[in-house]
There are 2 protein chains.
Amino acid sequence: MTEKKRPTINDVARAAGVSKATVSAVINDTGSVKSSTRERVLAVIEQLNYRPSSQARHANSRRHRSIGLLIREADNPFFAEVIAGVRSYAAQRGYTVLVASSEGDYDAERQAVEVLRERDVDGLILYPVLTKETDLSHLFELKRRNFPFILLEEIWGVQASLIDIDNAAASRKAVEYLISLGHTRIVHFAGPQYSMHSKERIEGVYRAFGGSRIAFAEDAIVPAGARLEDGYRAGLEYFGSRSGDERPTAVTCYNDLVALGLCRALAELGLRVPEDVSVIGYDDLEILNYLPVPLTSVRVPKFEMGEQAAKLLIEHIESREVLRPQKIYLEGELVIRRSTQPPRERGLDPAVVMDHAGAAERVMR
Amino acid sequence: MTEKKRPTINDVARAAGVSKATVSAVINDTGSVKSSTRERVLAVIEQLNYRPSSQARHANSRRHRSIGLLIREADNPFFAEVIAGVRSYAAQRGYTVLVASSEGDYDAERQAVEVLRERDVDGLILYPVLTKETDLSHLFELKRRNFPFILLEEIWGVQASLIDIDNAAASRKAVEYLISLGHTRIVHFAGPQYSMHSKERIEGVYRAFGGSRIAFAEDAIVPAGARLEDGYRAGLEYFGSRSGDERPTAVTCYNDLVALGLCRALAELGLRVPEDVSVIGYDDLEILNYLPVPLTSVRVPKFEMGEQAAKLLIEHIESREVLRPQKIYLEGELVIRRSTQPPRERGLDPAVVMDHAGAAERVMR
DNA sequence: CGAACCGACTGAACCGGTTTACGTGGTTCG
DNA sequence: CGAACCACGTAAACCGGTTCAGTCGGTTCG
């Protein structure tokens, strides 16, 4: 590369006729520099378009003002918002964010953690991947070295700071809402098998049933996954192989993508939402508002979760001592839209239907 | 932080009783090291869980094996796929990717370029933001310094490498398909005012009309934008203020989000897709396949674009000389789904409708 | 008038790696 | 038997910044 090399502090010092220590002082506004000297140095910096290398800058301190964020699926808009929140807060504090995605693959996660650490990030924010025999040694290693990290999903056995919402409570709210509408045959399309979020959401379903007098069907927890396709396939399979009374009248889903996939499957099977089946999603992606039948969903404060995680992580990083793990739970709300209504058998009370069709949106805390 | 400091090459050297040069030789497999020594060093590395800092590693070369990617909207799944492509190829070549988003804001773009360069990225991939009086000086500055960068959207006056599809051709194909179905009142919901992609797609619309005998309506180019909300608002406004014959029977959109927003607006106005209005999107987001009426759209090879951009950029970075700018155009296809059909007036030929409803998908090159 | 102090600036060490030039001691070969 | 060569290691310089201990000349004050 015949590249005119990027100017260094030495070039500036030479051109301004001062030592590099002085240039450094000007840049960082430390020490005392005569204003005439400062002007001269600044002029040279301007003219050379000099920018100090942040790498070299932090070579001594071993702190680089950067944090790593490991997500699970790059193409889920849910994560886009979390990332935006992390970036927003981090930028405000002068931190850079390095994002990596495990795509749900455990080995990719381990490797990504390695790479991020090689890149000298000062701390990590993680959506961990859990599989049947997850080896948590890389996380224990982080603990052992007192390397700061924040989880966005609980892991049993790992003492670490956490930002999350109370998934069980939110999930329970969703099911209870369906029960309050009069549904009695309700199922849950669950997320990835070993995901803690999925477990928590399932737990919420159990609790809702426990609190009601409605019998809990054996097949009420349907394994699906986290992606559009998962909801679609599980939907085809589940509803395709059942008819009439065997079919549930309402479904809560692990997330919005699964819900949308399910809706597609229902449509292909000739079932209408919400007339034949009520559907509730989770995450409250913006795109849901633009569907022909806007989806009822659990609103998760995605952006805020990102901000909070970054805030907590930077606290850990900048603290002199090792802070004890802290768990922060944000609130998830149920946003009621048009994909839910009372079940058919109760008889279509037009007023109730109108109520749901009329109001664009209603929020339950 | 009472952090047990991360081990350095010195710690390893000391523990293994060798010089750091030897440790370096072991790590990089350069020079000659007795196998017994190598073993010993490796054992210590293992035991200390030592990982060389990639920053320090490249301190000399001023090449850090990292590239910056500047996108425009973090929450558009389109970019998620491009990012994935960039990452995929970059990882394969041992490069890290730093992603920043301008969110369509010009000042944010300039700032992001600064930050990325401070972070010592070796090159940049950019979706530039264009506004009415865009000052391109930051791009000229890159050129002047022979700093490698790739554009993912053409900018007049900036000689740089480009990866894109032929937007005009793809857009033309979409309109021509509508014409072939018999539509005569077709409009285009255009993207951000100064975006080159939007201009190119508009150009394609003109060409399609120029090649047909259909009169081009004065209001055939409707300013919308790039987001769900833009399509929704423009749709409400445009279709809300016209009735009967004034209404177009088909619309092509700047992208899929706009198309989806438009669909929502049409639904609220009591117009059905495709019976009353045919709609074509652009980008072919996966989610479209899961809508009740899957959208006809222009398929853009998003992942591949990311890969190609990374490949070309790394070529530029690693080349000894400054390479001349190279423009690569990938192919965009029209994917025909259910949101398009012949206009009503021609009489509903059930066979044709069936044809469209039956086939899940058809691709036109 | 000399000591103390201060503002302005500099040289050198340092961070954690890589690279290069050089120093060993042991073989091989003419 | 001495020169040439090789395998194995090391010391030191370097990258581009920051930091700290000093240097130096000029005021201030007792």
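This is a short dialogue on reading a predicted model with two protein chains and two DNA strands.

Biologist: What should I know before I start?

Modeller: The model is predicted: local features need pLDDT of at least 70, side-chain atom pairs count only at pLDDT 80 or more, and totals for chains, interfaces and linings use all residues. Residues are numbered from 1 along each chain as its sequence is written, while chains are lettered from A and ligands numbered from 1 in the order in which they are written.

Biologist: How many residues of chain A are in contact with chain B?

Modeller: Two residues are in contact if their C-beta atoms, placed from the backbone, lie within 7 Å. Here 45 residues of chain A are in contact with 45 residues of chain B. H5(A) gives the most to that side of chain A, with five residues. Names such as H5 and S2 follow DSSP runs, numbered from the N terminus: helices are H or I with at least four residues, strands are E with at least two.

Biologist: What classes of residue make up that side of chain A?

Modeller: Ala, Val, Leu, Ile, Met, Phe, Trp, Tyr, Cys and Pro count as nonpolar, Asp, Glu, Lys and Arg as charged, and the others, Gly among them, as polar. The side of chain A that touches chain B has 19 nonpolar, nine polar and 17 charged residues.

Biologist: By what turn can chain A be laid on chain B?

Modeller: Copies are superposed by least squares on the C-alpha atoms of residues with pLDDT of at least 70 in both. A turn of 180° and a shift of 0.0 Å along the axis lay chain A on chain B with an RMSD of 0.1 Å. That is the relation of a two-fold axis. The copies meet through the same surface, because 100% of the interface residues of chain A are also interface residues in chain B.

Biologist: Which residues come nearest to DNA strand D?

Modeller: A residue is near a strand if its C-beta atom, placed from the backbone, lies within 6 Å of it. Of the 26 residues around DNA strand D, A:Ile9, A:Ser24, A:Ala59, B:Ala21 and B:Ala59 come nearest. H2(A) supplies the largest share of this surface, five residues. For DNA strand C, the largest share, also five residues, comes from H2(B).

Biologist: Is H11(A) largely enclosed or exposed?

Modeller: A residue is buried if 20 or more other C-beta atoms lie within 10 Å of its own, exposed if 12 or fewer, and partly exposed in between, with C-beta atoms placed from the backbone. In H11(A), 11 of the 13 residues are buried, so the helix is largely enclosed by the rest of the structure. Just after H11(A), A:Gly270 takes a positive phi of about 80°.
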